[in-house]
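Let's take a walk through this protein, starting with its overall build and then stopping at a handful of residues along the way. Have the sequence and the 3D view open as you read.

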Amino acid sequence: MAIKYAKVVNNIVQEVVMGDENFLTANIVPNASEYVAVDGDVAADWIYDPESETYKPPKLFDSWVWDDSKNIWVAPTPMPTDAANSYEWNESTTSWEVID
């Protein structure tokens, strides 16, 4: 059975490979001990949180924070919900702006 393995350096996923342990050590990875088995979604550049032992996708913007209940990065202010406009995040003003 194939297992997903991630190489994590400084809490950042560097590489993800699939295979059983024998295939991994014999064919793919020069130092298999640097890899850990993972369950669920994970990809290169994801962030490993050792406190919660979870993987998070890359942060979209520096001002955004992780929402544990939703398992996503969220803006510090919610996006307006009026149906008349579309919005995009402006990191320099840390606010939502109407898309023309």
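**A walk through the fold**

The pocket makes a good first stop: its lining residues split into four nonpolar, three polar and two charged. Bear in mind that this is a predicted model. The pocket in question is the largest one, and it holds about 150 Å³ of space. Around it you'll find W46, S52, T54, Y55, K56, P57, W66, D68 and N71. Which strand gives the most to this lining? It's strand 5, residues 54-56, with three residues.

Now zoom out to the whole chain. The protein has one helix and nine strands, and reading from the N terminus the elements go β-β-α-β-β-β-β-β-β-β. So much for the order of the elements; what about the overall dimensions? Along the principal axes, the C-alpha atoms fill a box of roughly 55 × 25 × 25 Å. The radius of gyration is 18 Å, whereas a compact globule of 100 residues would come out near 13 Å. As for the interior, 24% of the 100 residues are buried. And if you take the contacts between residues at least 6 apart in sequence, 34% of them join residues at least 24 apart.

Two separations give a feel for those dimensions. V17 sits in strand 2, and its C-alpha atom is 39 Å from that of T93, which is 76 residues away along the chain. Is V17 buried or exposed? It counts as buried because its relative accessibility is 10%, under the 20% cut-off. Y35, in strand 3 (residues 35-38), has a similar story to tell. The C-alpha atoms of Y35 and P78 are separated by 37 Å, with their positions 43 residues apart along the chain. Y35 is at 9% relative accessibility, so this residue counts as buried too.

Let's go back towards the pocket by way of D49, which belongs to strand 4 (residues 47-49). With a relative accessible area of 19%, D49 is buried, though the cut-off is 20%. Its side chain has two partners to look at. One is the backbone nitrogen of E51, which the D49 side chain reaches at 3.0 Å. The other is the side chain of K56, with a polar contact of 3.1 Å. Setting aside residues up to four places away in sequence, D49 touches T54 and K56. Both T54 and K56 are among the residues that line the largest pocket.

Another lining residue, N71, is worth a look for its backbone. N71 lies in the loop between strand 6 (65-67) and strand 7, and its phi is near 60 degrees, a positive value in a residue other than glycine. Most residues other than glycine have a negative phi. N10 is a further case: it isn't a glycine either, yet its phi is positive at about 50 degrees. You'll find N10 in the loop between strand 1 (3-9) and strand 2 (12-19). N10 counts as exposed because its relative accessibility is 72%.

The last leg takes us to the C-terminal part of the chain. P76 is in the loop that links strand 7 (72-74) and strand 8. Its relative accessible area is 46%, so P76 is partly exposed. Which residues does P76 contact, apart from its neighbours within four places in sequence? They are S63, W64 and W89. The C-alpha atom of P76 is also separated by 8.4 Å from that of S95, 19 residues apart along the chain.

S95 turns up again when we reach N90, a residue of strand 8 (residues 87-90). Leaving out neighbours within four places in sequence, N90 is in contact with S95 and E97. The side chain of N90 also joins that of S92 through a polar contact of 2.6 Å. Where does that leave N90 in terms of burial? At 17% relative accessibility, N90 counts as buried.

Technical notes. Residues are numbered from 1 along each chain as its sequence is written. This is a predicted model: local features need pLDDT of at least 70, side-chain atom pairs count only at pLDDT 80 or more; totals for chains, interfaces and linings use all residues. Side-chain values use heavy atoms; hydrogens and water are left out. On a 1 Å grid over the protein atoms alone, a cavity is a set of points where a 1.4 Å probe fits but cannot get out, and a pocket is an open set with protein on both sides within 12 Å along at least five of seven lines; lining residues have an atom within 4 Å of a point. Grid points are joined across faces, edges and corners, and a volume is the space filled by probe spheres set on the points. Helices (H or I, at least four residues) and strands (E, at least two) are DSSP runs, numbered from the N terminus. Ala, Val, Leu, Ile, Met, Phe, Trp, Tyr, Cys and Pro count as nonpolar, Asp, Glu, Lys and Arg as charged, and the others, Gly among them, as polar. Buried means under 20% relative accessible area, exposed over 50%, partly exposed in between (1.4 Å probe, protein chains only). A polar contact is a pair of N or O atoms within 3.5 Å; within protein, one must be able to donate a hydrogen and the other to accept it, and residues adjacent in sequence count only if both atoms are side-chain atoms. Contact means heavy atoms within 4.5 Å. The radius of gyration is taken over C-alpha atoms; the globule rule is 2.2 Å times the number of residues to the power 0.38.
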